Each structure stands twice: as C-alpha cells, then as structure tokens.
Amino acid sequence: PQSEYEFDICSDDVSSGPVSGFAGWFTACFKSRTDENGTQAPTLSKPAFLSTGPENGHTHWGQQVFHLLSSIPLIKGETTTIKGSLELTRSKENARLYNCRIRHKSTRRKSSEGKDGNVLMKGGLVENIYQIP
C-alpha cells in the first residue's frame with residue numbers, strides 16, 4: 001500500500017538548515033480483528049493503543065530516520081513544498097524486514113504568495129529505497 005503526503009515549510013518559520021531526511025514511526029490501535037477472517041471476532045472491551053512516536057518516550061521499536069542522498073535547501077523568504085508518496089513492502093528474504101520506497105518532488109515559491117503562487121523552482125522526482133529492520 002502507498003500513502004501520499006504533502007507539506008509546506010516556510011523558511012521564515014525555521015531557524016536553520018536544509019531538509020536532510022524524514023523521520024518515521026508507527027501508531028496502532030488494537031480494537032479487534034479487521035481482516036476477512038475476523039469479521040465474526042468480538043470487539044475488545046479494552047482496546048490497546050501503541051505509539052512509537054517521539055512524544056511517547058522510548059520503546060524498543062524506536063523511530064526510523066530516512067536520510068536523503070541530496071538535501072533540500074530552505075531559503076529565507078520562500079516556502080518549500082515537498083510532495084510525494086511512501087510505500088512499505090515486506091522483504092522477500094525476511095518477513096520481519098520491510099522495504100520502504102519514498103518518492104518526492106519539491107517546489108519553492110515566495111512565502112508572501114499563496115499556495116498557487118508563482119513557482120520559482122521545481123525539482124524532479126527523487127526516489128529512495130530503504131530497508132527497515
């Protein structure tokens with residue numbers, strides 16, 4: 001399955017540096033089975049919730065960093081939009097490992113202009129593949 005994402009970074013809001021990677025973690029809510037075989041399964045009376053997000057402290061799963069091969073520069077007075085997709089698939093060699101494909105494009109416009117403002121820079125599609133333990 002593939003998930004799409006899009007976000008803006010206004011360089012007036014940040015104090016330093018380019019975008020050099022993405023951070024990832026997961027959140028799961030265990031209410032009951034939702035697969036085809038679980039349609040008759042009872043709903044749990046006390047669902048469990050698990051988050052490995054940084055706001056929840058340390059877990060043995062931790063978080064994952066996806067470093068970019070080339071950083072995306074941020075320029076004062078400009079807004080950078082990063083748009084792309086993320087896809088996770090199980091490794092064929094080991095069912096406990098995942099391959100993560102991250103695709104993204106970036107554009108830049110003056111921060112004073114709206115979302116549909118004049119595009120100053122348009123980057124090409126970048127694709128990185130990572131193996132997650």
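In the predicted model, buried residues account for 26% of the 133 residues of the protein. The surface exposed by the protein amounts to about 9600 Å², and 52% of this area is supplied by carbon and sulfur atoms. The charged side chains comprise 16 positive and 14 negative groups, and the centres of these two sets are 4 Å apart.

With respect to secondary structure, the protein contains 9 strands and 0 helices, and the pattern read along the sequence is accordingly written β-β-β-β-β-β-β-β-β. The radius of gyration is 19 Å, well over the 14 Å given by the globule rule for 133 residues, so the protein is more spread out than a compact globule. The C-alpha trace spans about 55 × 35 × 30 Å along its principal axes. Of the contacts in the protein with a separation of 6 or more, 64% are accounted for by residues 24 or more positions apart.

Aromatic residues were examined next. A search of the whole structure yields 4 aromatic pairs. One of these involves Tyr 5 and Phe 7, whose ring centres are 6.1 Å apart and whose planes meet at 25 degrees; the pair is therefore stacked, given that planes under 30 degrees apart count as stacked. Phe 7 has a relative accessibility of 30% and so counts as partly exposed. Tyr 5 and Phe 7 also belong, together with Phe 22, to one aromatic cluster.

Another pair is made by Phe 66 and Tyr 130. The centres of these two rings are 5.1 Å apart and their planes stand at 65 degrees, so the arrangement is edge-to-face, the term applied to planes over 60 degrees apart. Phe 66 is located in strand 5 (residues 64-72) and Tyr 130 in strand 9 (residues 126-132); the pair therefore ties together parts that are 64 residues apart in sequence. Both partners fall under the 20% limit of relative accessible area that defines a buried residue: the value for Phe 66 is 6%, so this residue is buried, and the value for Tyr 130 is 16%, so Tyr 130 is buried as well.

Strand 5 also contains His 67. The relative accessible area of His 67 is 54%, and this residue is therefore exposed. When neighbours within four places in sequence are left aside, His 67 is in contact with Ser 20, Gly 21 and Tyr 130. From Pro 1, which is 66 residues away in sequence, His 67 is separated by 22 Å, C-alpha to C-alpha.

Among the contact partners of His 67, Gly 21 is situated in strand 2 (residues 19-24). Its relative accessibility of 26% means that Gly 21 counts as partly exposed. Excluding neighbours within four places in sequence, Gly 21 is in contact with Phe 66, His 67 and Leu 68. Phe 66 thus appears both as a contact of Gly 21 and as the ring paired with Tyr 130. Gly 21 and Ser 71 are 50 residues apart in sequence, and their C-alpha atoms are 7.4 Å apart in space.

Two loop positions were also considered. Pro 47 is placed in the loop between strand 3 (27-30) and strand 4 (48-51). With a relative accessibility of 46%, Pro 47 counts as partly exposed, since the term exposed is reserved for values over 50%. Apart from residues up to four places away in sequence, Pro 47 touches Phe 30 and Lys 31. The C-alpha atoms of Pro 47 and Ile 75 are separated by 45 Å, with these positions 28 residues apart along the chain.

Lys 92 occupies the loop between strand 6 (78-90) and strand 7 (98-110). At 84% relative accessibility, this lysine counts as exposed. A distance of 38 Å separates the C-alpha atoms of Lys 92 and Leu 74, which are 18 residues apart along the chain.

Conventions
Residues numbered from 1 in each chain as written. Predicted model: local features only at pLDDT ≥ 70, side-chain atom pairs only at ≥ 80, totals over all residues. Heavy atoms only, no water. Helix = DSSP H or I, 4+ residues; strand = E, 2+ residues; numbered from the N terminus. Rg over C-alpha atoms; globule rule 2.2 N^0.38 Å. Buried < 20%, exposed > 50% of the residue type's maximum accessible area, 1.4 Å probe, protein only. Contact = heavy atoms within 4.5 Å. Areas by Shrake-Rupley, 256 points an atom, 1.4 Å probe, with all protein chains shown as cover. Lys, Arg positive; Asp, Glu negative; His and termini not counted. Charge placed at Lys NZ, Arg CZ, Asp CG, Glu CD. Phe/Tyr/Trp six-rings, centres within 6.5 Å; stacked < 30°, edge-to-face > 60°.
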